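Colleague: I would like to go through this model with you, from the overall make-up of its chains down to single residues. Could you reason through each point before you settle on an answer?

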Amino acid sequence: MGILGLFQSESDKRASEIRAGAVVPTRAERKRCWEARDSYFACLDASSIVDPLKDEKKAAKACAHESTQFERDCATQWVTYFKKWRVQDIQKKARLKELEAQGANKLDVETDFTARK
Amino acid sequence: MSQPAVRIGAVLNALARAPARQCLRPMSTARSSPARRPMASCLSHGPAQARQPLVQRRFKYKTVEEAKSRYRSGPFSWKAGLLFVTTAAGLLWYFEREKGRMQQKRIAEAAKGVGRPKVGGPFELLDQDGNVMTEQNLRGRYSLVYFGFSHCPDICPEELDKMARMFDLVEAELPGALAPVFVTCDPARDTPKVLKEYLSEFHPKFIGLTGTYDQIKAMCKTYRVYFSTPQTVAPGQDYLVDHSIYFYLMDPEGDFVEALGRQHSPDQAAKIIIDHMKEWKPSVIRQ
């Protein structure tokens, strides 16, 4: 493999370090992780799975490819965190909708991932 | 205004009619005459005596009708009414004015920081170059303090990007007036070297602070930051840290000004900071 092989193993090493949480991901690495997360969540949404930790088998079956990418590009801790966050976020949004239907006042608070411009 | 004339007339009348009686009761009729001449009113009937109120008030009506009419109307007359209304209006105006003045003063004092929450305080930490930094290094300019950790999955990087934009906006308006400070909540992994690399991706002027577990814990406590970092972690074990996600705006004397949260956009936050900076006066002048 030569130089390409050496390069490959270098990036593999870096990726496994990121997964283990041994190094801090750079901006580009974070971006890659977030993209993998977003496509995984989009897949879960399409399969109407709320909690991929609870419906593990169903999620693994429906979003096998996205899940592999998500787990490859993100730290293991982040994967768990994002999955839990997803459940909480869905519950929170449902609750907010409920409250809004009851006529509650909305406060100006942003909690999603998109940064405000 | 006609009363003195009436009195003088009555006095002269009384003096003419009963001079002997006046001499028997000098104290009741000539109360205000000089003490060294108590019998003056008996000795001479000069013009000085004419001004003294020699008759008691009940004799001030010339006729019975006048006295009766006065008795019927009691102490009330259109003059008394006018005086009452004028006084009431005056007092009302005065109290309203005072109330407004006190309210304004209270608002001004609140803005100046009386009863300011006790956030922030002395610290001794290392910056990203490994130099010791204390609260004294941040005196003389505003500082924007943010707590986080480099392994933070989502919020910290976003907030740091926001902080970079806020800082650039403030820097464009008032150069050198703001110090952007990032304090790690994860001192075990965030060494100065790690912080230097991490922060360089956000802004070259960011100051990263780290220290020992106890130093960071004390720092979080002075800023009332929720701190959940595990003290002992097995080597190689990954973990996340819970922390508060506010930007703390501190004034040039190290006093807390305001907490900026996720609800503020960078533009809004920068405007708030700039407004505070323009209003600021040293506490010596404030008091």
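What follows is a set of questions and answers on this predicted model.

Colleague: To begin with the chain that has no strands, what pattern does chain A follow along the sequence?

Modeller: Chain A has 117 residues, of which 20% are buried, and its contacts with a separation of 6 or more come to 52% from residues 24 or more positions apart. Its secondary structure consists of 5 helices and 0 strands. Read along the sequence, the pattern of chain A is therefore, with DSSP runs as the elements, α-α-α-α-α.

Colleague: And how many helices and strands does chain B have?

Modeller: In chain B, buried residues make up 26% of its 287 residues. Among the contacts in chain B between residues at least 6 apart in sequence, 67% join residues at least 24 apart. The secondary structure of chain B comes to 12 helices and 7 strands.

Colleague: Turning to strand β3 of chain B, residues 142-148, how many of its residues are buried?

Modeller: On one side, B:Tyr142, B:Leu144, B:Tyr146 and B:Gly148 point away from β3(B), and these are buried. B:Ser143, B:Val145 and B:Phe147 point the other way, and they are buried as well. The strand is thus mostly covered, and the number of its residues that are buried is 7 of 7.

Colleague: Which residue of β4(B) is the bridge partner of B:Gly148?

Modeller: Strand β4(B), residues 178-184, pairs with β3(B) in the parallel sense over 7 bridges. The two strands also belong, together with helix α8(B), residues 155-173, to a right-handed β-α-β unit. Within β4(B), the bridge partner of B:Gly148 is B:Thr184.

Colleague: In which sense, parallel or antiparallel, do β3(B) and β6(B) run?

Modeller: Strand β6(B) covers residues 247-250 and is joined to β3(B) by 4 bridges. One of the residues involved is B:Leu144, whose bridge partner in β6(B) is B:Leu249. The sense in which β3(B) and β6(B) run is antiparallel.

Colleague: Which element gives the most to the largest nonpolar core?

Modeller: The largest nonpolar core has 46 residues, and those with the most contacts inside it are B:Leu144, B:Val181, B:Phe182 and B:Leu249. The element that gives the most to this core, with 6 residues, is α8(B).

Colleague: How many residues does the second, separate core have?

Modeller: In the largest core, B:Leu249 is among the residues with the most contacts, and beyond its neighbours within four places in sequence B:Leu249 is in contact with residues including B:Tyr142, B:Leu144, B:Val257 and B:Ile273. The second core is separate and includes A:Tyr40, A:Ala59, A:Ala75 and A:Phe82. The number of residues in this second core is 14.

Colleague: Why can the buried residues of α9(B) be said to line one face of the helix, and within what arc do they fall?

Modeller: The buried residues of α9(B) are B:Val194, B:Leu195, B:Tyr198 and B:Leu199. Seen down the helix axis they fall within a limited range of directions, so they line one face of α9(B). B:Lys193 and B:Ser200, on the other side, are exposed, while what covers the buried residues includes β4 and β5 of chain B. The arc of the buried residues is 115°.

Colleague: Where chain B touches chain A, which element supplies the largest share of the chain B side?

Modeller: The contact takes 18 residues from chain B and 19 residues from chain A. On the chain B side, α8 and α9 each supply at least two residues. By class, that side has 6 nonpolar, 5 polar and 7 charged residues. The largest share of it, 4 residues, comes from α8(B).

Colleague: Is A:Ser48, with its positive phi, buried or exposed?

Modeller: Most residues other than glycine have a negative phi. A:Ser48 is not a glycine, yet its phi is positive, at about 45°, and it lies in the loop between α2 and α3 of chain A. Because A:Ser48 has 9 C-beta neighbours inside 10 Å, it counts as exposed.

Colleague: How does B:Arg224 count, given its number of C-beta neighbours?

Modeller: B:Arg224 also has a positive phi, of about 55°, although it is not a glycine. Its place is in the loop between α10 and β6 of chain B. With 16 C-beta neighbours inside 10 Å, B:Arg224 counts as partly exposed.

Terms used: Residues are numbered from 1 along each chain as its sequence is written. Chains are lettered from A and ligands numbered from 1 in the order in which they are written. This is a predicted model: local features need pLDDT of at least 70, side-chain atom pairs count only at pLDDT 80 or more; totals for chains, interfaces and linings use all residues. A residue is buried if 20 or more other C-beta atoms lie within 10 Å of its own, exposed if 12 or fewer, and partly exposed in between; C-beta atoms are placed from the backbone. Two strands pair if DSSP finds at least two bridges between them. A crossover is right-handed if, with the strands pointing away from the viewer, the path from the first strand over the helix to the second runs clockwise. Two residues are in contact if their C-beta atoms, placed from the backbone, lie within 7 Å. Ala, Val, Leu, Ile, Met, Phe, Trp, Tyr, Cys and Pro count as nonpolar, Asp, Glu, Lys and Arg as charged, and the others, Gly among them, as polar. The arc is that of the directions from the helix axis to the C-beta atoms. A nonpolar core is a set of buried Ala, Val, Leu, Ile, Met, Phe, Trp, Tyr and Cys residues joined through C-beta atoms within 7 Å.
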